[in-house]
Amino acid sequence: MITFVTIFIVHFFALITPGPDFFLVTRQALAGEGERERIWTIFGICCGGLLWVSLSLAGLGRVMALYPLLQTSIALLGAAYLLYLAVKIVMAARVAESVPTADEVRERHFFRLGFLTNLANFKAMIYFIGLLAAFDKIYRHPLLSLALAVMIFAETFMWFYLIGRFFTYPRFRAWYGRHRLKMEYATAAVFMVFAAGIVLAVLR
């Protein structure tokens, strides 16, 4: 139980550190995206994290140590996707972004956006590998591994859901409405900084 509590606390502090996922959810809330769309984005983010957890429990760290080129490739792909998002935000800053209107298509769109944004954050992979390697006893039992994955998924979902709700307050949205263009450019710049950070980490 102490191990689960420790991971819960460590993961909480990781969540409150702003990253691409945080800025994506915040931007959606301020821009007035519907709650359904935001939930699908958060679900995608959680599934991305769940994939990292599953791969880490399956020994991703050992694979990366054996094949450093694979780690570099994943990192650069992640940086490229974050840059793509930044460019997309800038291009859509002056006009409303066109999103397919069919519910099923919209759900896939926002799920994919959250999922890929989470996977693009190379530091998330390193974080989960390091976090779970410190608690090696957990993954020796399938049920404990499943319980750990569910806990991380639920904690992540609740955090980003609360963040999304917080930034839907009218006062925040009114402020965003007055500074929308600046905020869109600032968000794009943040994604570019994260992408540059990944590239620099790879080149070291």
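A residue is called buried when its relative accessible area is under 20%, exposed when it is over 50%, and partly exposed in between. Glu-35 has a relative accessible area of 31%, so this residue is partly exposed. With that yardstick in hand, the rest of the structure can be read. The model described here is a predicted one. Its mean pLDDT is 85, and 89% of the residues reach 70 or more. Confidence is highest in helix H3, with a mean of 93, and lowest in H7, with a mean of 83.

The overall plan is pleasantly easy to follow. The chain contains ten helices and zero strands, which reads along the sequence as α-α-α-α-α-α-α-α-α-α. Of the 204 residues, 41% are buried. The chain exposes about 11300 Å², and carbon and sulfur atoms supply 71% of that area. Sequence distance is also worth a look. Among contacts with a separation of 6 or more, 85% are between residues 24 or more positions apart.

Three salt bridges turn up in a search of the whole structure. One of them joins the side chains of Glu-184 and Arg-27, with an N to O distance of 2.8 Å. Here distant parts of the chain are linked, since Glu-184 belongs to helix H10 (residues 180-203) and Arg-27 to helix H2 (residues 20-30), 157 residues apart. Both Glu-184 and Arg-27 are buried.

A second pair to consider is Arg-165 and Glu-35, whose side chains form a salt bridge at 3.0 Å, N to O. Because Arg-165 sits in helix H8 (residues 142-166) and Glu-35 in helix H3 (residues 35-57), this pair ties together parts of the chain that are 130 residues apart in sequence. Arg-165 has a relative accessible area of 39%, which means that it is partly exposed, and Glu-35, at 31%, is partly exposed too.

Helix H3 also takes part in the salt bridge between Glu-107 and Arg-36. In this pair the closest N and O atoms are 2.3 Å apart. Glu-107 is in helix H6 (residues 103-120) and Arg-36 is in helix H3, so that distant parts of the chain, 71 residues apart, are linked. How covered are the two partners? Glu-107 is buried, with a relative accessible area of 18%, whereas Arg-36 is partly exposed, at 43%.

The two helices joined by the Glu-184 and Arg-27 bridge deserve a closer look. H10 has 24 residues and spans 35 Å from its first C-alpha to its last, close to the 34 Å expected at 1.5 Å a residue. Its buried residues include Glu-184, Thr-187, Ala-188, Phe-191, Ala-195 and Ile-198. An α-helix has 3.6 residues a turn, so residues three or four places apart point the same way. H2 is mostly covered, with ten of its eleven residues buried. Among them are Phe-22, Leu-24, Val-25 and Arg-27. Just after H2 comes Gly-32, which has a positive phi of about 90 degrees.

Contacts between residues far apart in sequence can be followed one residue at a time. Tyr-161 lies in helix H8. Apart from neighbours within four places in sequence, Tyr-161 is in contact with Glu-35, Ile-39 and Ile-42. The C-alpha atoms of Tyr-161 and Ile-42 are 7.1 Å apart, although the two residues are separated by 119 residues along the chain.

Leu-131 offers another example, this time in helix H7 (residues 122-133). With a relative accessible area of 8%, Leu-131 is buried. Leaving aside neighbours within four places in sequence, Leu-131 is in contact with Ile-7 and Val-10. Between Leu-131 and Val-53, which are 78 residues apart along the chain, the C-alpha separation is 9.6 Å.

Finally, attention turns to the surface. Val-5, Phe-8, Ile-9, Phe-12, Phe-13 and Ile-16 form a nonpolar patch there, with about 520 Å² of accessible area together. Ile-9, one of the patch members, is found in helix H1 (residues 2-15). At 42% relative accessibility, Ile-9 counts as partly exposed, because the partly exposed class runs between the 20% and 50% limits.

Definitions and conventions: Residues numbered from 1 in each chain as written. Predicted model: local features only at pLDDT ≥ 70, side-chain atom pairs only at ≥ 80, totals over all residues. Heavy atoms only, no water. Patch = residues over 30% accessible without salt bridge, like charges linked within 9 Å, V, L, I, M, F, W, Y side chains within 5 Å. Areas by Shrake-Rupley, 256 points an atom, 1.4 Å probe, with all protein chains shown as cover. Salt bridge = Lys/Arg side-chain N within 4 Å of Asp/Glu carboxyl O. Helix = DSSP H or I, 4+ residues; strand = E, 2+ residues; numbered from the N terminus. Buried < 20%, exposed > 50% of the residue type's maximum accessible area, 1.4 Å probe, protein only. Contact = heavy atoms within 4.5 Å. Expected span 1.5 Å × (residues − 1). pLDDT = per-residue confidence, 0-100.
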